[in-house]
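Biologist: Could you look closely at the nonpolar core of this model and explain how it is put together? I would like each term spelled out as you go.

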Amino acid sequence: WLMAAVATPFGNSIEIWKAASWAFYLLTGLVMWRWAARRQHVDHVVALLLVALLVEPHLLRWSGTGMENSLAALFVVSLILLWHDVIGGRLRPVEAAVLFGLSPFVRPELALLAAIILIEWAIIACGSAALKTWARVAAGAAVVAVVLALIMFVMAGFWIPQTRVPKGPAA
């Protein structure tokens, strides 16, 4: 249902989904480029990991199929860059809350990555003024996730994404 933002204006054909997959893949590259362009000094380890993800053969192959792999890659890259910004003191709290809250609805396993980042951030922020910011972001992420879960429940009858249902009984 999250993909309704693509299907509603453009249609629900395989060609649309293949184009959307490539668009998410290109957007992933654009996010990485924009992140690097905003900094005077780029952490080369982070940059290398991000480029490795972008040129990973399976991601390249699956980015043109119409599946959600490139959207998941976009979220992985965004979460990594968000974490890098948290460490560097350049956090954008609203963006962080939305990314954390949306993550489990893009791919359920992204909830684990978001949770790991939030837990590590809480440990680092413990006993400092940054703990207030962490609490606001965590609360905002929880609100986003609960609102999306409610919308999903009203629309589909499920609290969490169910990828098997659209694939039919043979899945």
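Modeller: Among the contacts in the protein chain with a separation of 6 or more, where contact means heavy atoms within 4.5 Å, 64% join residues 24 or more positions apart. The model is predicted, so local features need pLDDT of at least 70 and side-chain atom pairs count only at pLDDT 80 or more, while totals for chains, interfaces and linings use all residues. Residues are numbered from 1 along each chain as its sequence is written, and side-chain values use heavy atoms, with hydrogens and water left out.

The chain has nine helices and zero strands, these being DSSP runs numbered from the N terminus (helices: H or I, at least four residues; strands: E, at least two). Buried residues, meaning those under 20% relative accessible area with a 1.4 Å probe and protein chains only, make up 32% of the 171 residues.

A nonpolar core is a set of buried Ala, Val, Leu, Ile, Met, Phe, Trp, Tyr and Cys residues joined through side-chain atoms within 4.5 Å. The largest one here has 26 residues, of which Phe 100 and Trp 121 touch the most other members. Helices H2 (14–37), H5 (69–87), H6 (93–106), H7 (110–125) and H8 (130–156) each supply at least two residues of this core, and H5 gives the largest share, eight residues. Leaving aside neighbours within four places in sequence, Trp 121 is in contact with Trp 83, Val 86, Leu 91, Phe 100, Thr 133, Trp 134 and Val 137. A second, separate core has eleven residues, including Val 42, Leu 50, Leu 59 and Val 77.

Note on methods
Buried means under 20% relative accessible area, exposed over 50%, partly exposed in between (1.4 Å probe, protein chains only).
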